[in-house]
Amino acid sequence: MSLTATGIRAGYRGHSVLDDVSLSIGAGETVGLRGPSGSGKSTLVRVLALLHTPDAGHVSLDGDRIDGARHRVPADVRTRIAVLFQSPRAAADPRLSLADLIAEPLRALRRPREHVAGRVAELADRAGLTADLLTRRPHAVSDGQLQRACLARSLAHEPRYLLCDEATTMLDASTQALVATVITEQQQRTGMGVLLVSHDPALLARRADRTEDLPTPPASVR
Ligand SMILES: Nc1ncnc2c1ncn2[C@@H]1O[C@H](COP(=O)(O)OP(=O)(O)OP(=O)(O)O)[C@@H](O)[C@H]1O
């Protein structure tokens, strides 16, 4: 069982950022990904998350080759992969309370109301979010609290793979530790595979089972 990118070429407006890149994340495994700024780490995350269609190569999810991206991929396939981005402010709808933010992916798949309420309470508890915080909107909480809500949301569908794109870079040490603990517990409970994109060698040495490197991009795309 793995989430695998094979021979990926991908980029923007005719410029390739990734050229023949392959990466595999096994079930239960934590894989680190590092590379210079602009080398395409976030682009590879978007390809693996089925948010960006590669120009060549393909993504396989637990042995099944996936064609296309976003809504061209069935929801029950897309929800097996979750992403935690660097900036929770960019990833969160400012109009939603933290409770509604966590509930969003469950409501999108029309889960019953009682199920959603129970799951939100459970996920919020795991992410250390109190009832008072759940009623607030993003502008009224700290970056760390908002990232914990994004983490809870990312686990709503019990993903098989979680892609963390510099997800704790901006957080203080205690929030970093809490996020790491919640992710590790989820891995131990469900066998979730994790990709950790980071510039921090200490974090990768501590948490990754192995680390892959992306090469420096050609000058034309830097
Ligand atoms: N939506 C986009 N449209 C056009 N170019 C983009 C887009 N997103 C990223 N790029 C370009 O693609 C290249 C790779 O970007 P990407 O964000 O994948 O790199 P990265 O390795 O994650 O960088 P960093 O470590 O700085 O976050 C960069 O040159 C960037 O400017």
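**Exercise 1.** Determine the hand of the crossing where H4 passes H5.

*Solution.* H4 passes H5 in a right-handed crossing (the near helix is turned clockwise from the far one by less than a right angle; anticlockwise is left-handed). Helices are DSSP runs of H or I with at least four residues, strands runs of E with at least two, numbered from the N terminus. The model is predicted: local features need pLDDT of at least 70, side-chain atom pairs 80 or more, while totals for chains, interfaces and linings use all residues. Residues count from 1 along each chain as its sequence is written.

**Exercise 2.** Work out how H4 and H5 are oriented, and which residues make the contact.

*Solution.* Start with the axes, lines fitted to C-alpha atoms over the stretch in contact, with N-to-C angles from 0 to 180 degrees. Those of H4 (residues 98-108) and H5 (residues 113-126) come within 9 Å and cross at roughly 130°. H4 and H5 are therefore oblique (not under 35, over 145, or 65 to 115 degrees). Next, list the contact (C-beta atoms, placed from the backbone, within 7 Å). H4 gives Ala-99, Ile-102, Ala-103, Leu-106 and Arg-107. H5 gives Val-116, Arg-119, Val-120, Leu-123 and Ala-124.

**Exercise 3.** Trace the open sheet of four strands and find its edges.

*Solution.* The order is E2-E1-E4-E5, with antiparallel pairing (at least two DSSP bridges). E2 (15-26) and E5 (64-66) each have a single partner strand, so one side of each lacks a neighbour in the sheet. Neighbouring strands are turned by 30° on average, direction ignored. E1 (residues 2-12) pairs with E2 over eight bridges. There, Leu-3 stands opposite Ile-25 in E2. Finally, add H1 (residues 41-48): this helix lies across E1, E2 and E4 (56-61), at about 125° to E1.

Terms used. Two residues are in contact if their C-beta atoms, placed from the backbone, lie within 7 Å.
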